[in-house]
Amino acid sequence: AGQVLLTIVATMTWLVSVADFATAFLQGQPQARFLFVKLPADAARMLGTEGYPHMTLLKTMYGQTDAPRAWYLEATRRMKECGFTAHPLDPCFFLAHASDGTLTGMAVIHVDDILMAGDVRKFQAYQQALKQHFQFRTWKSLEEGPVAYCGGALSYQPYGIELSFSEYL
């Protein structure tokens, strides 16, 4: 979906931004079950719980098999609250429409990364809504220079937009 977004952006005059959700799984839905964890000794000391190293896990965390699903469900719910609609062929590809129904922007979520592009004037409201509904670790416009996206380097080049994985490889 990210490549589809970039292909469409190449023909439009839209701004591209990339953001990284802060601790994405902890922003997911609450645990649907009671799950107790034993804290590592260092973490127990930091929290002052040396005598009580077992805790109830309220949110899913990295390593749980249901954590990606809980994050996906919560992210989708919040994206819809921000006014996006999920693309019918890819539930992680979101579309933003103007009041007249024209496409004004798009966003693709891949685990804890989000790639966004939209009309300079009309997409700002969607971006502000995202900033109110999610916590982000980073948020950078491609206009500011190259950005990291899914392990690659996204940049403007004289021939268009490039997504290179050469450093990753």
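**Exercise 1. The span of helix H3**

Determine what span the 15 residues of H3 should have at 1.5 Å a residue, and how far apart the end C-alpha atoms are in this predicted model.

*Solution.* Step 1: the expected span of a helix is 1.5 Å times one less than its number of residues. Step 2: for the 15 residues of H3 this rule gives 21 Å. Step 3: the end C-alpha atoms of H3 are 21 Å apart, which agrees with the expectation.

**Exercise 2. The surroundings of helix H3**

State which strands H3 lies across, which of its residues are buried, and what these pack against.

*Solution.* Step 1: helix H3, residues 67–81, lies across S1, S5, S6 and S7. Its direction is at about 10° to S5. Step 2: the buried residues of H3 are Ala67, Ala70, Trp71, Glu74, Ala75, Thr76, Arg78 and Met79. Step 3: their packing partners are S1, S5, S6, S7 and helix H4 (124–133). Step 4: Pro68 also lies in helix H3, but with a relative accessible area of 43% Pro68 is partly exposed. Pro68 and Ala24 are 44 residues apart in sequence, while their C-alpha atoms are 9.1 Å apart in space. Step 5: just after H3, Gly83 takes a positive phi of about 100°.

**Exercise 3. The sheet**

Give the strand order of the open sheet of six strands and identify its edge strands.

*Solution.* Step 1: the order is S4-S5-S6-S7-S1-S8, and the pairing is antiparallel. Step 2: strand S4 (85–87) and strand S8 (136–141) each pair on one side only, so they are the edge strands. Step 3: from one strand to the next, the twist averages 25°. Step 4: S8 is joined to strand S1 (residues 15–21) by five bridges, and the two run antiparallel. Ser17 has Ser141 in S8 as its bridge partner. Step 5: helix H1 (residues 2–11) lies across S1, strand S5 (90–97), strand S6 (103–110) and strand S7 (113–118), and runs at about 150° to S6.

**Exercise 4. Two loop residues**

Classify Gln64 and Thr102 as buried, partly exposed or exposed, and list their contacts.

*Solution.* Step 1: buried means under 20% relative accessible area, and exposed means over 50%. Step 2: Gln64, in the loop between strand S3 (54–56) and H3, counts as buried because its relative accessibility is 13%. Leaving aside residues up to four places away in sequence, Gln64 touches Gln31, Arg33, Leu35, Leu57 and Lys59. Step 3: Thr102, in the loop between S5 and S6, counts as partly exposed because its relative accessibility is 37%. With residues up to four places away in sequence again left out, Thr102 touches Ala96, His97 and Lys122. Step 4: a polar contact of 2.8 Å joins the side chains of Thr102 and Asp100.

**Exercise 5. Aromatic pairs**

Describe the geometry of the pair Phe84 and Phe123, and explain which parts of the chain this pair ties together.

*Solution.* Step 1: the structure holds nine aromatic pairs. Step 2: Phe84 and Phe123 form one that is edge-to-face, at 6.1 Å centre to centre with 85° between the planes. Step 3: Phe84 lies in the loop between H3 and S4, and Phe123 in the loop between S7 and H4, so the pair ties together parts that are 39 residues apart in sequence. Step 4: Phe84 counts as buried at 2% relative accessibility, and Phe123 counts as buried at 2% relative accessibility. Step 5: ring pairs also link Phe21, Trp71, Phe134, Phe136 and Trp139 into a cluster.

Conventions. Residues numbered from 1 in each chain as written. Predicted model: local features only at pLDDT ≥ 70, side-chain atom pairs only at ≥ 80, totals over all residues. Heavy atoms only, no water. Helix = DSSP H or I, 4+ residues; strand = E, 2+ residues; numbered from the N terminus. Axes fitted to C-alpha atoms, helices over the stretch in contact; angles between N-to-C directions. Contact = heavy atoms within 4.5 Å. Buried < 20%, exposed > 50% of the residue type's maximum accessible area, 1.4 Å probe, protein only. Polar contact = N/O pair within 3.5 Å; in protein donor to acceptor, adjacent residues only side chain to side chain. Phe/Tyr/Trp six-rings, centres within 6.5 Å; stacked < 30°, edge-to-face > 60°.
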